Amino acid sequence: MRIQEESEFLSLINQNLGIAHKVCRIYFREEEIYKDALQEMMYQLWRSFSSFQRDSKFSTWMYRVCLNTAITYKKKEQRHTGKDLKATHFEIADVDLGDKNLMINELYQAIGTLSALNKAIILLYLEEMSYEEIAGITGLSKSNISVKLVRIKRELEAKLKSIRHV
């Protein structure tokens, strides 16, 4: 890459770094795995930056790369451990940070139990992306996103009720 491209890449990454952290927070709970996955995302973004078409917003493209990297990394991680993740793997330590943080942690805990695709969809929805943007990132149709979001919301509501009653 030319110096100008490197500068543009770094500027765009710094402006949108929260995207990678949000994706990692949804998919990875252990600090070391979180850091490794974040590093892998940065590598994949760097590696594929020259193919960024600029026909969509950088943030949309970054979500697509980060989500695909997270899903791939998660599959590799599960193959290496040979263990299925259980709901207890997503328990959050030190949640005594006030009601709002407790609610946020409970939401992340519930989201952590969703399938990889549903995690991606709800993350993008929580980022206030339009159904069209979510469809563009995930490769699903707009109507499929609408149906999936209704189901995901119901599933999360049930999971949150069970978390609060345990």
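A helix axis here is a line fitted to C-alpha atoms over the stretch in contact, and the angle between two axes runs from 0 to 180 degrees between N-to-C directions. Keep that in mind for the third stop. Also keep in mind that you're looking at a predicted model.

**Whole chain**

Start with everything selected and colour by secondary structure. You'll find seven helices and zero strands, so to speak an α-α-α-α-α-α-α run from the N terminus on. Of the 166 residues, 36% count as buried. Switch on a surface: the protein exposes about 10300 Å², with carbon and sulfur atoms supplying 50% of that. Now for contacts: among those with a separation of 6 or more, 65% are between residues 24 or more positions apart.

**The loop after helix 2**

Select helix 2 (31–48) and helix 3 (58–81), then click on R54 in the loop between them. What is the sign of phi at R54, which is not a glycine? It is positive, about 70°. That's worth a pause, since most residues other than glycine have a negative phi. As for its surroundings, R54 is partly exposed, at 42% relative accessibility.

**Helix 5 against helix 7**

Next, select helix 5 (116–126) and helix 7 (residues 142–164). Their axes lie 10 Å apart and the packing angle is about 95°. Angles of 65 to 115 degrees count as roughly perpendicular, so that is the label for helix 5 and helix 7.

Show side chains at the contact. From helix 5, pick L117, N118, I121, I122 and Y125; across from them in helix 7 are I145, K148, L149, I152, K153, E155 and L156. Colour these by type and you get eight nonpolar, one polar and three charged residues.

**The loop after helix 5**

Slide along to E128, in the loop between helix 5 (116–126) and helix 6 (131–138). Here's another non-glycine with a positive phi, about 65°. Is E128 buried or exposed? With a relative accessible area of 73%, E128 is exposed.

**Helix 6 and its end**

Move on to helix 6 and select I134, A135 and I137, which are buried. Turn the view so you look down the helix axis: the buried residues fall within an arc of 165°, so they line one face of helix 6.

Last stop: G139, which follows helix 6 and has a positive phi, near 85°.

Methods
Residues are numbered from 1 along each chain as its sequence is written. This is a predicted model: local features need pLDDT of at least 70, side-chain atom pairs count only at pLDDT 80 or more; totals for chains, interfaces and linings use all residues. Side-chain values use heavy atoms; hydrogens and water are left out. Helices (H or I, at least four residues) and strands (E, at least two) are DSSP runs, numbered from the N terminus. Buried means under 20% relative accessible area, exposed over 50%, partly exposed in between (1.4 Å probe, protein chains only). Contact means heavy atoms within 4.5 Å. Accessible areas come from the Shrake-Rupley method with a 1.4 Å probe; for residues, only the protein chains shown count as cover. Angles under 35 degrees count as roughly parallel, over 145 as roughly antiparallel, 65 to 115 as roughly perpendicular and the rest as oblique. Ala, Val, Leu, Ile, Met, Phe, Trp, Tyr, Cys and Pro count as nonpolar, Asp, Glu, Lys and Arg as charged, and the others, Gly among them, as polar. The arc is that of the directions from the helix axis to the C-beta atoms.
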